[in-house]
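Work through the exercises below with the structure open. Each task is followed by a stepwise solution.

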2 protein chains.
Amino acid sequence: MAAAPSLTERRKQATLLEIAEAAAELFAEHDTKDVTVEAIASAAGVSIRTFYRYFQTKEEAVTPLLTVGARGWQTAIAESNAGDLRGAIGEAITTTLATAGDEDREALERTRGLLRATMKDQRLAAVWRRVNGESEQRLCELIADRKPDADPFAVRLLAAAATDAIRVTFEHWAGADEASAVDPVTRAAAAFDQLSAGIDGL
Amino acid sequence: MAAAPSLTERRKQATLLEIAEAAAELFAEHDTKDVTVEAIASAAGVSIRTFYRYFQTKEEAVTPLLTVGARGWQTAIAESNAGDLRGAIGEAITTTLATAGDEDREALERTRGLLRATMKDQRLAAVWRRVNGESEQRLCELIADRKPDADPFAVRLLAAAATDAIRVTFEHWAGADEASAVDPVTRAAAAFDQLSAGIDGL
DNA sequence: GTCAAAGTGGCACGATGTGCCATCTAGTCC
DNA sequence: GGACTAGATGGCACATCGTGCCACTTTGAC
């Protein structure tokens, strides 16, 4: 665990989250093109100039809310000591999503709302794709660390399979009418099993 | 076949391509943030205002050069009458990429250069992800047309597998030192086989 | 209490993207 | 061939975006 962060550091994190949540709330109601940076900054209680010190564009402001889960399963994979890679990744997906699902219901519903808005709005969709792309990139490095002699192409393919399993599951979950019949956790795990079933040499 | 397009229509297409190629050439030399719309428009011989009638942003200007292949295999899948879906998609990938590879060498190298620039530049990477995302979306619709009763989640998964097989192959091909040892066509086909091996119910 | 380091806000400025209108060309009808 | 309409283009104005610069305030260490 990291040492207790300084007051300044905690305030920065708080400001970051305030901006992110203000942006998410506004984006849930209006299209991104109809929301100015000034409106987001004002809602978050900071100046425009400060907003741009935290995020490069207004769309990026929701990034922290979309990457909360990613951190979890990245460390889970890094720390896992399962022998086979597919097993380790599958396990990481299951445990991470399960614990995330156990958190408070309200946060889960907010995430769902944000994802819905993300699917509708082009600019937000670009952020969603970027987040997933970076996840895939990160996973490539993690796999390469565990299997230094693996075929680089196979590594990319496995990383893509894992990322897509989670991505497609989330997209389907967000688009489902109500509480979907199938549990997202088992669905993501099954999806990864299916996508990675034919990948050999790892 | 469409009727012979009018002179106006042909000129519009020519202008579109001129802008796209001017943008690609400039992006190959400089970072996107160092290339103004004015520079692209000037290089293409049009005004700034006209540029914005063809593309929404300067990054989008390269889209036509990144989607040339996509049209091909979309129609190939739509027209294919192979019984099993995986076979039809695999066949479409092979034939489309093969014919694309037979075209003139210079165009191929230009595409490679554009892809290299695309991997390095954040903004262009976003365009690349958008193009692939739309490909996946389109493929979902094509699959749903052929298998109206299929599980929607499985459809998404299969579409993601096919898109990723091509995407990862292209990214790897662009990043390879020189003429890579493995032919991209066979590699993409093999990648799709591996990713889709475990997808059942289609 | 003093001081360096760092976060914040205001201002200016180039670049972006769009609405509006004037001009010119393509294709049609007489 | 000549006139007319639709559509493409260019120029201008304007709101917004994103950043460099400087002054002010707060934090945390000595």
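Two residues are in contact if their C-beta atoms, placed from the backbone, lie within 7 Å. The model is predicted.

**Exercise 1. Place A:Ile77 and list its contacts beyond its sequence neighbours.**

Solution.
- Step 1: find the element. A:Ile77 sits in helix α5 of chain A.
- Step 2: apply the contact rule. Leaving aside neighbours within four places in sequence, A:Ile77 is in contact with A:Ala88, A:Ile89, A:Ala92 and A:Leu142.
- Step 3: check the distant partner. A:Leu142 is 65 residues from A:Ile77 in sequence, yet their C-alpha atoms are 7.7 Å apart.
- Step 4: decide on burial. The cut-off for buried is 20 or more other C-beta atoms within 10 Å. A:Ile77 has 23, so A:Ile77 is buried.

**Exercise 2. Is A:Ser80 buried or partly exposed?**

Solution.
- Step 1: locate the residue. A:Ser80 belongs to the loop between α5 and α6 of chain A.
- Step 2: count. A:Ser80 has 18 C-beta neighbours inside 10 Å and therefore counts as partly exposed.
- Step 3: list contacts. Not counting residues up to four places away in sequence, A:Ser80 touches A:Ala88, A:Glu91 and A:Ala92.
- Step 4: take one pair. A:Ser80 and A:Glu91 are eleven residues apart in sequence, and 8.7 Å separates their C-alpha atoms.

**Exercise 3. Test the length of helix α6 in chain B, then examine α6 in each chain.**

Solution.
- Step 1: work out the expected span. Helix α6 of chain B covers residues 85–102, 18 residues, so at 1.5 Å a residue it should span 26 Å.
- Step 2: compare. The end C-alpha atoms of α6(B) are 26 Å apart, which agrees.
- Step 3: turn to chain A. Helix α6(A) has 18 residues and reaches 26 Å, close to the 26 Å expected.
- Step 4: find the buried residues. In α6(A) they are A:Leu85, A:Ala88, A:Ile89, A:Gly90, A:Ala92, A:Ile93, A:Thr96 and A:Leu97. In α6(B) they include B:Leu85, B:Ile89, B:Ile93 and B:Leu97.
- Step 5: identify the cover. For α6(A) it includes α5, α8, α9 and α10 of chain A. For α6(B) it includes α5, α8, α9 and α10 of chain B.

**Exercise 4. Describe how α7(B) and α8(B) pack.**

Solution.
- Step 1: recall the descriptors. Two packed helices are described by the angle between their axes and the distance between the axes.
- Step 2: read them. Helix α7 (residues 105–120) and helix α8 (residues 122–146) of chain B pack at about 110 degrees, with axes 6 Å apart.
- Step 3: classify. Angles of 65 to 115 degrees count as roughly perpendicular. The two helices α7(B) and α8(B) are therefore roughly perpendicular to each other.
- Step 4: name the residues. B:Ala117, B:Thr118 and B:Met119 in α7(B) meet B:Leu124, B:Ala125 and B:Trp128 in α8(B).
- Step 5: sort them. Five residues of this contact are nonpolar, one is polar and none is charged.

**Exercise 5. What are the surroundings of B:Val131 and B:Gly69?**

Solution.
- Step 1: start with B:Val131. This residue lies in helix α8 of chain B. With 19 C-beta neighbours inside 10 Å, B:Val131 counts as partly exposed.
- Step 2: list its contacts. Residues up to four places away in sequence aside, B:Val131 touches B:Thr63, B:Leu66 and B:Thr67. B:Thr63 is 68 residues away along the chain, with 7.4 Å between the C-alpha atoms.
- Step 3: move to B:Gly69. Its helix is α5 of chain B. It has 16 C-beta neighbours inside 10 Å, so B:Gly69 counts as partly exposed.
- Step 4: list its contacts. Residues up to four places away in sequence aside, B:Gly69 touches B:Thr96 and B:Ala100.
- Step 5: add a contrast. B:Gly69 and B:Arg53 are 16 residues apart in sequence and 24 Å apart in space, C-alpha to C-alpha.

**Exercise 6. Which element of chain A gives the most residues to the side that touches chain B?**

Solution.
- Step 1: size the contact. It takes 19 residues from chain A and 19 residues from chain B.
- Step 2: list the candidates. On the side of chain A, α8, α9 and α10 give two or more residues.
- Step 3: choose. α9(A) gives the most, with eight residues.
- Step 4: sort by class. The side of chain A that touches chain B has ten nonpolar, four polar and five charged residues.

Conventions:
Residues are numbered from 1 along each chain as its sequence is written. Chains are lettered from A and ligands numbered from 1 in the order in which they are written. This is a predicted model: local features need pLDDT of at least 70, side-chain atom pairs count only at pLDDT 80 or more; totals for chains, interfaces and linings use all residues. Axes are lines fitted to C-alpha atoms, for helices over the stretch in contact, and angles run from 0 to 180 degrees between N-to-C directions. Helices (H or I, at least four residues) and strands (E, at least two) are DSSP runs, numbered from the N terminus. Angles under 35 degrees count as roughly parallel, over 145 as roughly antiparallel, 65 to 115 as roughly perpendicular and the rest as oblique. Ala, Val, Leu, Ile, Met, Phe, Trp, Tyr, Cys and Pro count as nonpolar, Asp, Glu, Lys and Arg as charged, and the others, Gly among them, as polar. A residue is buried if 20 or more other C-beta atoms lie within 10 Å of its own, exposed if 12 or fewer, and partly exposed in between; C-beta atoms are placed from the backbone. The expected span of a helix is 1.5 Å times one less than its number of residues.
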